[in-house]
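Student: Please help me take a close look at one part of this molecule. I would like to see how that part fits in with its surroundings.

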Amino acid sequence: MSLFNFKKKEAEAAPAQGPLTEAQKDLVQSSWEKVVPIADTAAELFYGKLFELDPAVKPLFANSDMSEQGKKLMQMITVAVKGLDNLGELVPAVQKLGERHNGYGVTAEHYDTVGAALLDTLEKGLGEAFTPETKEAWTITYTTLASVMKEAQFGKA
Ligand code: HEM
């Protein structure tokens, strides 16, 4: 898990694309706290944007209760955001999530679309609080989580 490295010295020298610094982790955690109270709305925004970006994704959720699915997604993101403090526990949980996605008809390309829908949701949900720094921190966080999931799902990132 070299992408996540919270050692101060390396964090200070962090390039634009990871590793996630302490400050970036704090930005992700504090901004997510603002989304949690509007989780149902955020989930609706998320799936609305996802299906707008790629209508072909819709059939994957044909048998899903989208209200339930939205809750599961938001809960999992909450687990992941809190888990940035404890990667030893988070990484195996995200790997298992990735393995389960093997059975859902999900492709590697879908992860990019989901990432775009997530950033759009954060922008709408957070408004001005979605600063460029916050966006960058979320981009690194999502990209890293998606890499762990894809590696578990397809055997490569
Ligand atoms: C960081 C990325 C993602 C997270 C956190 C996430 C989270 C979840 C969670 C928590 C579930 C509930 C079932 C379970 O835990 O196994 C789930 C199911 C599902 N996800 Fe994801 N997911 C991600 C990426 C994706 C992508 C890229 C797609 C493709 C469009 C996708 C499509 C689905 C589908 C089709 C289901 C099954 C729905 C059902 O059984 O009704 N997910 N996801």
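Student: What percentage of the 157 residues of the chain count as buried? After that, please show me helix H6 (residues 108–126) closely.

Tutor: Happy to! Keep in mind that this is a predicted model, in which local features need pLDDT of at least 70, side-chain atom pairs count only at pLDDT 80 or more, and totals for chains, interfaces and linings use all residues. Residues are numbered from 1 along each chain as its sequence is written.

Your figure is 26% of the 157 residues. Buried means that 20 or more other C-beta atoms, placed from the backbone, lie within 10 Å of the residue's own; 12 or fewer means exposed, and anything in between is partly exposed. The chain has seven helices and zero strands. Both are DSSP runs numbered from the N terminus: H or I of at least four residues for helices, E of at least two for strands.

Now to H6. With 19 residues at 1.5 Å each, H6 should span 27 Å, and its end C-alpha atoms are 28 Å apart, which agrees. The expected span is 1.5 Å times one less than the number of residues.

Which residues of H6 are buried? They are Tyr111, Val114, Ala117, Leu118, Thr121, Leu122 and Gly125. These cover an arc of only 140 degrees around the axis, so they sit on the same side of H6; the arc is taken from the directions from the helix axis to the C-beta atoms. The spacing helps here: an α-helix has 3.6 residues a turn, so residues three or four places apart point the same way.

What covers that side includes helix H2 (22–35), helix H3 (39–53) and helix H7 (132–154). Take H3: its axis comes within 8 Å of that of H6, crossing at roughly 135 degrees. That makes H3 oblique to H6. Axes are lines fitted to C-alpha atoms, for helices over the stretch in contact, with angles from 0 to 180 degrees between N-to-C directions; under 35 degrees is roughly parallel, over 145 roughly antiparallel, 65 to 115 roughly perpendicular, and the rest oblique. Residues making the contact include Leu45 and Leu50 of H3 and Val114 and Thr121 of H6, where contact means C-beta atoms within 7 Å.

Finally, follow the chain onward. Just after H6, glycine 127 takes a positive phi of about 60 degrees. Threonine 131 lies in the loop between H6 and H7, and threonine 131 is exposed, with 12 other C-beta atoms within 10 Å.

Notes:
Contact = placed C-beta atoms within 7 Å.
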